[in-house]
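Biologist: Got a minute to go through this one with me? I'd like to start with the strands and then get to the chain contacts.

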Protein chains: 4
Amino acid sequence: MTETLRITVWGEFRHEKKNPKVAEIYPQGIHETIAAFLRKEEGFTVRTASLDEPEHGLSEQVLAETDVLLWWGHMAHAEVSDEVVERAKRRVLEGMGLIALHSAHFAKLFKALMGTTCSLKWREANDKERLWNILPNHPIARGIADYFEIPSEEMYGEPFGIPTPDELIFISWFTGGEVFRSGATWQRGHGRVFYFRPGHETYPTYHQPEVQQVITNAVHWARPTVTIPDDCPNCLPLETLPEDSAAAQRSTVGHK
Amino acid sequence: MTETLRITVWGEFRHEKKNPKVAEIYPQGIHETIAAFLRKEEGFTVRTASLDEPEHGLSEQVLAETDVLLWWGHMAHAEVSDEVVERAKRRVLEGMGLIALHSAHFAKLFKALMGTTCSLKWREANDKERLWNILPNHPIARGIADYFEIPSEEMYGEPFGIPTPDELIFISWFTGGEVFRSGATWQRGHGRVFYFRPGHETYPTYHQPEVQQVITNAVHWARPTVTIPDDCPNCLPLETLPEDSAAAQRSTVGHK
Amino acid sequence: MTETLRITVWGEFRHEKKNPKVAEIYPQGIHETIAAFLRKEEGFTVRTASLDEPEHGLSEQVLAETDVLLWWGHMAHAEVSDEVVERAKRRVLEGMGLIALHSAHFAKLFKALMGTTCSLKWREANDKERLWNILPNHPIARGIADYFEIPSEEMYGEPFGIPTPDELIFISWFTGGEVFRSGATWQRGHGRVFYFRPGHETYPTYHQPEVQQVITNAVHWARPTVTIPDDCPNCLPLETLPEDSAAAQRSTVGHK
Amino acid sequence: MTETLRITVWGEFRHEKKNPKVAEIYPQGIHETIAAFLRKEEGFTVRTASLDEPEHGLSEQVLAETDVLLWWGHMAHAEVSDEVVERAKRRVLEGMGLIALHSAHFAKLFKALMGTTCSLKWREANDKERLWNILPNHPIARGIADYFEIPSEEMYGEPFGIPTPDELIFISWFTGGEVFRSGATWQRGHGRVFYFRPGHETYPTYHQPEVQQVITNAVHWARPTVTIPDDCPNCLPLETLPEDSAAAQRSTVGHK
């Protein structure tokens with residue numbers, strides 16, 4: 001029996017309303033396309049949320065009931081409220097998984113967890129992307145061969161302004177001559193974070209089986225194992241301290 | 001000839017004014033004690049800054065002229081303005097070194113660079129601290145034996161809410177039965193960050209030779225090698241793209 | 001339904017025959033005590049092997065049928081044949097998990113995978129050991145609180161001559177004043193390696209529930225996800241090379 | 001004043017004698033070409049050694065007087081004696097730097113330090129190689145722009161069977177569609193190890209300024225900071241142990 005995993009797919013859902021080309025590829029929005037293939041997985045309970053809902057669809061309750069959050073945003077990062085970002089960040093640090101997709105490299109939430117610029121080179125020119133599988137025994141690479149290709153994609157190139165990943169799973173090759181760390185993991189607090197590069201809105205990337213496989217794998221991998229709220233406790237000694245020392249024990253007003 | 005290194009030691013400078021015990025140990029403030037021993041090092045140009053100065057003493061110009069920033073704060077983290085934190089963070093990501101001391105684990109600047117809670121266990125009870133040298137070939141451990149001791153210190157215990165360090169240099173043992181990752185490094189952007197645990201204000205820790213040695217070593221280690229402002233450039237391909245692809249090249253309004 | 005996991009517990013099995021104190025604690029040998037608690041886990045199929053069996057009980061076939069190998073050795077590391085070490089190492093690199101226990105830090109197999117001395121400080125003096133849980137969301141720490149204690153153990157102290165672990169899960173505190181990285185993981189090839197410090201033969205360490213819990217967790221964690229034999233293939237280009245380049249393609253006698 | 005750095009460049013020196021094409025590019029041998037550009041650096045004292053000298057030119061004395069060792073080998077890895085490999089490995093673990101060049105990925109010494117297969121994909125077809133600078137603030141990347149190109153090189157492709165590098169500095173793009181982690185560092189014991197991919201014998205790679213720059217930078221970076229022979233000491237407690245425990249202190253015959 002598989003234990004239920006509660007997943008929220010967050011989509012900015014703006015390009016789909018403004019650009020007919022995008023609407024044709026993702027009629028219900030990118031987030032609904034992602035939710036649809038995740039719903040096929042046994043044990044996954046999937047909801048969606050988007051920017052223009054109240055609290056961007058990420059109320060305290062929704063986040064409390066989310067085990068893994070997926071995030072796709074691009075043109076409206078600045079419109080995401082700092083309060084919701086802080087709330088989602090706190091949940092990651094407590095144990096919630098996070099999958100940041102494509103231009104979410106610049107999402108406030110991802111940047112706040114990385115602590116860096118997350119900048120990169122980019123070009124929209126229908127480059128072919130070939131993702132090399134560097135870590136074939138990683139659960140996120142399950143079912144992926146030596147490499148897979150995306151026929152047309154936006155190019156993202158190095159240097160990528162991220163902290164050294166805990167694990168580097170995919171490196172991309174682009175026709176135009178660039179490379180990119182396209183699949184990488186970090187632990188932040190008690191939560192697991194995966195960044196996955198592909199997914200520009202003008203290409204049918206999220207309809208491609210390998211991309212769906214990687215995202216599905218990543219959701220499994222990001223399943224929380226604990227939920228530990230933040231705490232900075234004043235602790236008694238576990239061993240006997242020398243006497244003069246014991247005398248010195250006291251609480252300090254205003255400390256921490 | 002040693003090239004000049006421009007250092008700014010930032011101190012909160014509040015305990016020293018309020019608590020006679022602290023004032024006795026650090027009459028000019030903790031930051032001035034640290035600046036004083038750094039000034040003995042050939043090639044170091046050292047200034048200080050503190051919370052109650054305009055812009056906390058960290059104007060754009062001061063930071064632009066700072067190669068390595070040291071930070072000691074404790075009771076007034078919340079009073080540091082977000083604007084100054086953002087300014088200092090941007091300089092670290094560009095290449096400036098940062099040495100975060102003791103309770104600076106909770107400084108806004110350090111937390112923003114780590115992306116995590118930076119919480120820990122703590123106790124003020126005159127524990128003895130013994131710092132074990134785990135990485136004796138690291139430049140920050142130069143001149144440090146297998147271990148050194150601090151006779152009385154505040155205890156900080158694991159778990160410590162930080163991302164996995166790039167390098168773990170010191171692990172502390174405490175009389176009361178705890179351990180702590182007391183000396184750790186991270187690269188953030190193009191800047192180097194070192195966290196060093198000891199230095200509670202009620203103990204003469206910064207007068208101790210081994211502590212001064214480690215901090216001096218860390219300042220040398222954190223010297224910037226580059227200064228690279230943040231940038232997220234749109235790039236032309238380096239290789240010829242197939243024709244239909246080349247036709248697709250265009251700038252996208254409002255992208256990034 | 002849990003898929004079967006095939007486990008081999010290797011024990012040197014010499015102290016138990018020579019030292020009555022050890023025989024009293026582990027009458028069937030340390031390896032049989034470990035095998036006994038692992039056999040209680042659903043889906044685990046457990047066999048044992050030891051030094052004085054032909055091929056040390058680790059024939060090609062036994063290793064081919066082993067998903068996770070546990071290793072306890074101490075006084076007779078040198079008697080393990082290089083051929084068997086090479087065979088087991090090849091299996092780890094292909095995907096087999098390895099749990100190295102206590103003095104297996106000096107086992108030929110562990111040292112060959114680490115590439116370092118694996119030396120440490122040590123003392124037999126009934127120190128109390130307290131293992132702090134640094135990474136509570138790691139599968140190997142499942143069910144383990146902030147810390148657990150072993151009333152009497154041999155002391156192992158830093159510096160420990162290992163490569164920087166991929167993940168550091170436990171740090172030990174010892175009564176005598178030392179610390180140690182007691183639970184650490186590395187990926188080697190396609191296999192997962194966990195080193196776990198406790199387990200000196202003169203103490204009933206492997207009868208302690210927390211120690212059994214960690215080892216059981218580690219076996220689950222080390223389950224292979226792939227089996228990929230070593231290969232260094234000559235590959236055709238995936239993209240068209242310029243013509244003069246294509247002309248240059250040739251096999252090179254004696255290459256690799 | 002720069003302190004002297006004692007460098008030994010080891011070359012297999014076989015291709016140069018057998019293949020006129022290689023002899024034309026490297027008339028004195030690859031090792032002499034590398035030594036020649038290193039000799040231009042102030043403070044560098046450079047000698048060379050090669051396979052067919054007694055003890056491969058790496059006697060105990062030569063290694064004792066070597067701060068940084070460079071290694072180029074290809075067709076005759078198997079002819080390097082295990083004794084010399086063990087000797088050189090011990091020196092790395094004590095603190096000597098090691099720069100492994102191109103096909104030295106398969107040198108016994110490099111493999112013994114990595115603990116893995118070090119296998120990779122390969123092709124000789126005059127691919128263009130573009131090395132992207134992922135970590136521009138690293139001392140090894142000093143003076144290197146965003147990328148540099150080598151017009152013709154052997155291709156090495158991922159997956160590369162190495163442990164996760166401590167630092168990843170260069171990722172290569174190849175015309176034929178592959179990527180490779182081309183510049184990576186590991187600490188092993190007290191020594192620093194750098195692997196640098198380019199340098200196939202049939203191309204004039206070591207005459208190229210950027211390649212010379214990287215290798216020169218790497219030699220500076222690998223300078224030993226300590227020399228610490230292997231040791232596994234029995235240690236007295238630093239803190240008072242409970243009495244019954246103290247009684248238990250004893251040396252154990254044959255331990256370690």
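Modeller: Sure. Keep in mind that this is a predicted model. A good place to start is chain A, where strand 7 (residues 167–174) and strand 8 (residues 179–188) run antiparallel and are paired through 6 bridges.

Biologist: What is the bridge partner of A:E167 in strand 8 of chain A?

Modeller: A:T185.

Biologist: OK, and what does the whole sheet in chain A look like, how many strands?

Modeller: There are 9 strands in an open sheet with mixed pairing, and the order is 2-1-3-4-9-8-7-5-6. Strand 2 (44–50) and strand 6 (147–157) of chain A are the edge strands, each pairing on one side only. On average, neighbouring strands in this sheet are turned by 25° against each other, direction ignored.

Biologist: Which strands does helix 5 of chain A touch?

Modeller: Helix 5 (residues 82–94) of chain A packs on the sheet and touches strand 3 (68–72), strand 4 (97–101), strand 8 and strand 9 (191–196) of chain A. The direction of helix 5 makes about 115° with that of strand 9 of chain A.

Biologist: And helix 7 of chain A, which strands does it lie across?

Modeller: Helix 7 (residues 209–221) of chain A lies across strand 1 (5–11), strand 3, strand 4, strand 6 and strand 9 of chain A. Relative to strand 9 of chain A, helix 7 runs at about 170°.

Biologist: Let's hop to chain B. Why call strand 7 of chain B largely enclosed?

Modeller: Because 7 of the 8 residues of strand 7 (residues 167–174) of chain B are buried, the rest of the structure largely encloses this strand.

Biologist: Which strands does it pair with there?

Modeller: Strand 5 (residues 121–133) of chain B is joined to strand 7 of chain B by 5 bridges, antiparallel, and B:R130 sits opposite B:W173 of strand 7. Strand 7 also pairs with strand 8 (residues 179–188) of chain B, antiparallel over 6 bridges. There, B:S172 is opposite B:F180 of strand 8.

Biologist: How many residues are between the strands in that hairpin of strand 7 and strand 8 of chain B?

Modeller: 4 residues, and in this hairpin B:G177 takes a positive phi near 110°.

Biologist: Over to chain C. Which residues of helix 3 of chain C are buried?

Modeller: In helix 3 (residues 30–38) of chain C, the buried ones are C:I30, C:H31, C:T33, C:I34, C:A35 and C:L38. They pack against strand 1 (5–11), helix 1 (15–18), strand 2 (44–50), strand 3 (68–72) and helix 7 (209–221) of chain C.

Biologist: Now the interfaces. How many residues of chain D are in contact with chain C?

Modeller: 47 residues of chain D, in contact with 47 residues of chain C. Helix 6 (108–114), strand 5 (121–133), strand 8 (179–188) and helix 8 (243–247) of chain D each give at least two residues to that side of chain D. Strand 5 of chain D has the largest share, 7 residues. By class, this side of chain D holds 18 nonpolar, 18 polar and 11 charged residues.

Biologist: What about chain D and chain B, how are they related?

Modeller: Chain D superposes on chain B by a rotation of 180° with 0.0 Å of shift along the axis, RMSD 0.0 Å. So that is the relation of a two-fold axis. Both copies use the same surface, with 100% of the contact residues of chain D recurring in chain B.

Biologist: How many residues of chain D are in contact with chain B?

Modeller: 9 residues of chain D, in contact with 9 residues of chain B. The chain D side of that contact has 4 nonpolar, 4 polar and 1 charged residues.

Conventions: Residues numbered from 1 in each chain as written. Chains lettered and ligands numbered in written order. Predicted model: local features only at pLDDT ≥ 70, side-chain atom pairs only at ≥ 80, totals over all residues. Contact = placed C-beta atoms within 7 Å. Nonpolar A, V, L, I, M, F, W, Y, C, P; charged D, E, K, R; others polar. Least-squares fit on C-alpha atoms with pLDDT ≥ 70 in both. Pairing = 2+ DSSP bridges. Axes fitted to C-alpha atoms, helices over the stretch in contact; angles between N-to-C directions. Buried ≥ 20, exposed ≤ 12 C-beta atoms within 10 Å, placed from the backbone.
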